[in-house]
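Here is a set of short exercises to work through at your own pace. Try each task with the structure open, then compare your reasoning with the solution below it.

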Amino acid sequence: MQTVVFTNDIARVLDDSIGQLSPHGIFVLTDTNTSRLVWPLLKNCCASMESAGLIVIPAGDVNKNIESLSCIWAELQRTGANRHSLMVNLGGGMVTDIGGFAAATFKRGMKFINVPTTLLAAVDASVGGKTGINFGGLKNEIGAFREADSVIISTRMFATLPPEEMYSGYAEMIKHGLLDGDSAFHRLLDYDPVNHDFDRMLSLLEESVGVKRRVVAEDPFERGLRKALNLGHTAGHAFESLAMSNGAPVPHGYAVAWGLVVELVLSHMRRGFDSSLLRQLSDYVNSHYGTPDITCKDYPALIELMHHDKKNMDDLVNFTLLDAPGKIVIDCTAPDSEIEVALDIFRDLMHM
Ligand SMILES: NC(=O)c1ccc[n+]([C@@H]2O[C@H](COP(=O)([O-])OP(=O)(O)OC[C@H]3O[C@@H](n4cnc5c(N)ncnc54)[C@H](O)[C@@H]3O)[C@@H](O)[C@H]2O)c1
Ligand SMILES: [Zn+2]
């Protein structure tokens with residue numbers, strides 16, 4: 001299994017990890033934000049970083065594209081990187097996705113370490129082996145499954161992250177808590193991720209990443225159980241796409257938080273999920289994520305978007321639902337009429 005280290009002594013761990021790999025040349029991939037805000041933290045305190053070459057690509061998911069990838073390959077080639085060189089991906093999910101793919105393909109594969117600098121990348125993107133870029137207008141269209149040689153997670157990397165990005169990543173942690181069980185779910189609802197308690201956050205993250213790793217270990221190529229990780233995402237992607245097409249995009253994790261509430265409403269309706277737990281989640285989401293900008297007039301568009309989700313079978317929308325926290329049911333379908341009822345209940349719960 002892939003090595004994932006949780007530490008707030010990142011300089012020592014990074015130096016040790018690199019020492020064990022004994023690479024021929026080290027390259028650090030950043031985006032224009034992490035080169036300015038995070039790279040100085042490592043450059044000045046890691047011995048192994050002194051000789052590293054820095055590669056900077058433009059920030060933002062729109063730049064997770066073939067042009068940025070080509071720049072990374074060209075820079076590796078120009079500076080004489082080879083199969084025994086090491087890439088350190090220092091950034092959010094955009095950097096770990098494209099850097100992982102660049103490393104997986106350059107000279108048929110060089111080593112790489114992920115050092116996630118967003119909560120979302122730490123809890124989701126940097127672990128699990130999916131790498132890639134957007135292409136032809138489609139997200140993650142080109143890519144490869146290739147796990148990092150190691151992932152080093154330190155909450156100190158998030159010191160400069162805006163609160164919105166912290167909440168966005170935290171929605172994925174709540175998702176993992178729901179997949180895990182009652183006590184994990186409650187621990188997460190008892191915490192506010194923007195209070196910068198680095199050590200508490202590190203231990204919550206360790207637990208949360210453990211959930212994703214256990215699921216991925218059982219189903220590395222997404223043939224079954226990995227669909228559990230889709231909890232909250234069928235409705236969530238619909239909220240995200242609708243907001244985007246209305247010209248008012250929302251962070252992915254906000255859409256996932258709303259999607260989790262909708263899908264727990266459906267879990268309550270179809271699988272008897274406990275209504276008081278549902279209300280605890282909706283209260284937390286309401287106070288930290290606010291509400292999506294929708295009315296009942298948006299239901300047809302939202303349901304249409306759910307039908308376009310690639311995980312559907314036949315004419316019915318496919319969901320991952322829960323009987324209870326930790327009791328996962330994949331491949332549940334729901335007719336449109338029930339999704340409409342769930343959206344009504346969602347709006348009631350969110351006081352909309
Ligand atoms: N591979 C997977 O399994 C997987 C899973 C989920 C998401 N993803 C991918 O991850 C990406 C989203 O990840 P993300 O939310 O981390 O996006 P991101 O990498 O674009 O980071 C979000 C923003 O935060 C900035 N930033 C990063 N670290 C910072 C820091 N410490 N301080 C201040 N600003 C910082 C970035 O420059 C960027 O502007 C998407 O491309 C998505 O497709 C991949
Ligand atoms: Zn997600």
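**Exercise 1. The ligand shell**

How many residues surround ligand 1, and which are the closest?

*Solution.* A word on ground rules first. The model is predicted, so local features need pLDDT of at least 70 and side-chain atom pairs count only at pLDDT 80 or more, while totals for chains, interfaces and linings use all residues. Residues are numbered from 1 along each chain as its sequence is written, and chains are lettered from A and ligands numbered from 1 in the order in which they are written.

Step 1: Collect every residue whose C-beta atom, placed from the backbone, lies within 6 Å of the ligand. That gives 30 residues around ligand 1, and the closest are N33, G92, G93, M94 and T118.

Step 2: Sort the shell by chemistry. Ala, Val, Leu, Ile, Met, Phe, Trp, Tyr, Cys and Pro count as nonpolar, Asp, Glu, Lys and Arg as charged, and the others, Gly among them, as polar. The shell then divides into 11 nonpolar, 11 polar and 8 charged residues.

Step 3: Assign the shell to elements, where helices (H or I, at least four residues) and strands (E, at least two) are DSSP runs, numbered from the N terminus. At least two shell residues come from each of helix 2 (34-37), helix 5 (93-105), helix 6 (119-125) and strand 7 (138-145).

**Exercise 2. One residue of the shell**

Describe the surroundings of M94, and decide: is M94 buried or exposed?

*Solution.* Step 1: Locate M94, which belongs to helix 5.

Step 2: Count neighbours. A residue is buried if 20 or more other C-beta atoms lie within 10 Å of its own, exposed if 12 or fewer, and partly exposed in between, with C-beta atoms placed from the backbone. M94 is buried because 26 other C-beta atoms lie within 10 Å.

Step 3: List contacts, meaning pairs whose C-beta atoms, placed from the backbone, lie within 7 Å. Leaving aside neighbours within four places in sequence, M94 is in contact with D31, G60, D61 and K64.

Step 4: Look along the chain. M94 and T131 are 37 residues apart in sequence, and their C-alpha atoms are separated by 9.6 Å.

**Exercise 3. A loop residue with an unusual angle**

Which sign does the phi of R108 have, and where does R108 lie?

*Solution.* Step 1: R108 is not a glycine, yet its phi is positive, about 65°.

Step 2: R108 sits in the loop between helix 5 and strand 5 (111-116).

Step 3: R108 counts as exposed because it has 7 C-beta neighbours inside 10 Å.

Step 4: Compare with E222, another non-glycine with a positive phi, about 60°. E222 lies in the loop between helix 9 and helix 10 (233-245), and its 16 C-beta neighbours inside 10 Å make it partly exposed.

**Exercise 4. The two domains**

How far apart are the centres of domain 1 and domain 2?

*Solution.* Step 1: Set the bounds, which come from an automatic or database domain assignment: domain 1 is 3-158 and domain 2 is 163-190 + 222-349.

Step 2: Taken over C-alpha atoms, the centres are 30 Å apart.

Step 3: The contact takes 7 residues from domain 1 and 9 residues from domain 2. On the domain 1 side, the residues divide into 5 nonpolar, 1 polar and 1 charged.

**Exercise 5. The faces of helix 14**

Why do the buried residues of helix 14 line one face?

*Solution.* Step 1: Check the length. The expected span is 1.5 Å times one less than the number of residues; for the 14 residues of helix 14 (residues 336-349) this is 20 Å, and the end C-alpha atoms are indeed 20 Å apart.

Step 2: Pick out the buried residues of helix 14: I339, A342, L343, F346 and L349. Seen down the axis, they fall within an arc of 120° (taken from the directions from the helix axis to the C-beta atoms), so they line one face of helix 14.

Step 3: Turn to the face away from the buried side, which carries the exposed residues S337 and D348.

Step 4: Find the cover. What lies over the buried residues of helix 14 includes helix 11 (252-271), helix 13 (299-307) and strand 10 (327-334). In helix 13, I303 is in contact with D336 and I339, leaving aside neighbours within four places in sequence.

Conventions:
Two residues are in contact if their C-beta atoms, placed from the backbone, lie within 7 Å.
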